Amino acid sequence: MIPQLFAALALQASNLPPPPADAPARKAETVRRYDGDASQGAAVGPNDVYSVSNAKLVRFDKKTGEKRAEWTGEKSRFPHINACAVIGEDLVCASSNFPGTPQVSTVEMFDPMTLAHRRGVSLGMGTGSITWVDRHDGFWWAMFANYDGKGGEPPRDHRHTTLVKFDDQWRRLEAWALPATVLDRIAPMSVSGGGWGPDGKLYLSGHDRPELYVLRLPMGGGVLDHLGTIGMEAEGQAIDWDESQPGMLYGITRQTREILAMRVPIAR
């Protein structure tokens, strides 16, 4: 009986599909979960975590997970808040009219404690749908998504996803395209989350794959350098680095709508 059991297990194992050849060699470790009911992404501050769900933001205590504040906006004015980050004295959020077209993008500022809406910056049309915004090296950085189908604006498609650098007056200074090695993995969608990591590199997440793409600005040319890919539990969507704990990244899983705290292996 025992030999037959081993033979059956061996046959079953031989029939299992092999792991994908391009699976990331490094993987982030999920160390905590929060019941955040988040559909778009997560943000994090020194003492709080935030769930992002289109026209709804919720603040939770980072230690206890208890709900502390909530904001719900007009869906006609805020149809798609996609990602947020605590920057200075504000919770800064990337907002668009996705899946509406023509694509319109704004940056919305909230009180990080009460979640009261403070002000907005309209970036207008013509580049894509903004998905995340960050502050780095004294400049504002934002990514504008483009799509092949729903929410897209022909003739642009996912290949037109663009990283833009702005000054303090939100004037466009420079812009970069994504390399084919990332574009092939996010097609037909786009980049949903991103931000500058503790190592000074740019980390991006797509719409569906449980992966982080590590990039840097090129020494020349207009296409970002793809340095590597890191696996994670979050299936893309918006992410945010915890600046109070270098190496900790927050995201969500759409399967349970939980907020995930993930420890990312940072190459030194």
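**Entry 1. Hairpin of strands 5 and 6**

Two strands are taken to pair if DSSP finds at least two bridges between them. I note at the outset that the model I am reading is predicted. With that rule in hand, I looked up strand 5 (residues 56–61) and strand 6 (residues 67–72), which pair in the antiparallel sense over 5 bridges. I then picked out one residue of this pairing, V58, and found that its bridge partner in strand 6 is E70. The two strands, 5 and 6, form a hairpin, and 5 residues lie between them. In the turn I recorded G65, which has a positive phi of about 80°.

**Entry 2. Hairpin of strands 13 and 14**

I turned to another hairpin, made by strand 13 and strand 14 with 5 residues between them. Strand 13 covers residues 162–166 and strand 14 covers residues 172–177; they run antiparallel and are joined by 5 bridges. I located F166 and saw that R172 of strand 14 stands opposite. Which residue in this turn has a positive phi? I found that W170 does, at about 60°.

**Entry 3. The open sheet**

Next I traced an open sheet of 4 strands, whose order is 2-21-20-19 and whose pairing is antiparallel. Why is one side of strand 2 left without a neighbour in the sheet? Strand 2 (29–34) stands at an edge, as does strand 19 (240–241), and each has a single partner strand, so one side of each has no neighbour there.

I followed the pairings in turn. Strand 2 and strand 21 (residues 258–263) are antiparallel and share 5 bridges. Across this pairing, E29 stands opposite R263, and Y34 has I259 of strand 21 as its bridge partner.

Strand 20 and strand 21 also run antiparallel, joined by 6 bridges. Here I noted that Y250 has A261 in strand 21 as its bridge partner. These two strands, 20 and 21, form a hairpin with 4 residues between them, and R257 in the turn has a positive phi of about 65°.

I also asked how many residues of strand 21 are buried. The count is 5 of its 6 residues, so strand 21 is largely enclosed by the rest of the structure.

**Entry 4. L249, in the open sheet**

I selected L249 in strand 20 (residues 248–253). Is L249 buried or exposed? Its relative accessibility is 0%, which places it under the 20% cut-off, so L249 counts as buried. Leaving aside neighbours within four places in sequence, I listed contacts of L249 that include I239, D240, W241, L260 and A261. I also compared L249 with G45: they are 204 residues apart in sequence, and their C-alpha atoms are 11 Å apart in space.

**Entry 5. The largest pocket**

I then examined the largest pocket, which has a volume of about 380 Å³. Its lining is made up of 26 residues, and those nearest its centre are V86, D134, D240, W241 and E243. Strand 7 (80–87), strand 11 (129–136), strand 15 (193–196) and strand 19 are the elements that each give two or more residues to this lining. Sorted by class, the lining has 14 nonpolar, 7 polar and 5 charged residues.

**Entry 6. A83, in strand 7**

I looked up A83, which is found in strand 7. Its relative accessibility is 4%, so A83 counts as buried. Not counting residues up to four places away in sequence, A83 touches V52, V92, C93, A94, T131, W132 and A238. A83 and G41 are 42 residues apart along the chain, and I noted a separation of 5.9 Å between their C-alpha atoms.

**Entry 7. Two aspartates, D48 and D111**

I began with D48, which lies in strand 4 (residues 48–53). At 8% relative accessibility, D48 is classed as buried. Its side chain makes a polar contact of 2.7 Å with the side chain of R59. Beyond residues up to four places away in sequence, D48 touches R59, F60, D61, K62 and M113.

I closed with D111, in the loop between strand 9 (105–110) and strand 10 (117–124). Its relative accessibility is 16%, so D111, too, counts as buried. Which backbone nitrogens did I find beside the side chain of D111? The backbone nitrogen of M113 lies 2.7 Å from a polar atom of that side chain, and the backbone nitrogen of T114 lies 3.1 Å from a polar atom of it. Apart from neighbours within four places in sequence, D111 is in contact with A116 and R118.

How values were computed
Residues are numbered from 1 along each chain as its sequence is written. This is a predicted model: local features need pLDDT of at least 70, side-chain atom pairs count only at pLDDT 80 or more; totals for chains, interfaces and linings use all residues. Side-chain values use heavy atoms; hydrogens and water are left out. Buried means under 20% relative accessible area, exposed over 50%, partly exposed in between (1.4 Å probe, protein chains only). A polar contact is a pair of N or O atoms within 3.5 Å; within protein, one must be able to donate a hydrogen and the other to accept it, and residues adjacent in sequence count only if both atoms are side-chain atoms. Contact means heavy atoms within 4.5 Å. On a 1 Å grid over the protein atoms alone, a cavity is a set of points where a 1.4 Å probe fits but cannot get out, and a pocket is an open set with protein on both sides within 12 Å along at least five of seven lines; lining residues have an atom within 4 Å of a point. Grid points are joined across faces, edges and corners, and a volume is the space filled by probe spheres set on the points. Ala, Val, Leu, Ile, Met, Phe, Trp, Tyr, Cys and Pro count as nonpolar, Asp, Glu, Lys and Arg as charged, and the others, Gly among them, as polar.
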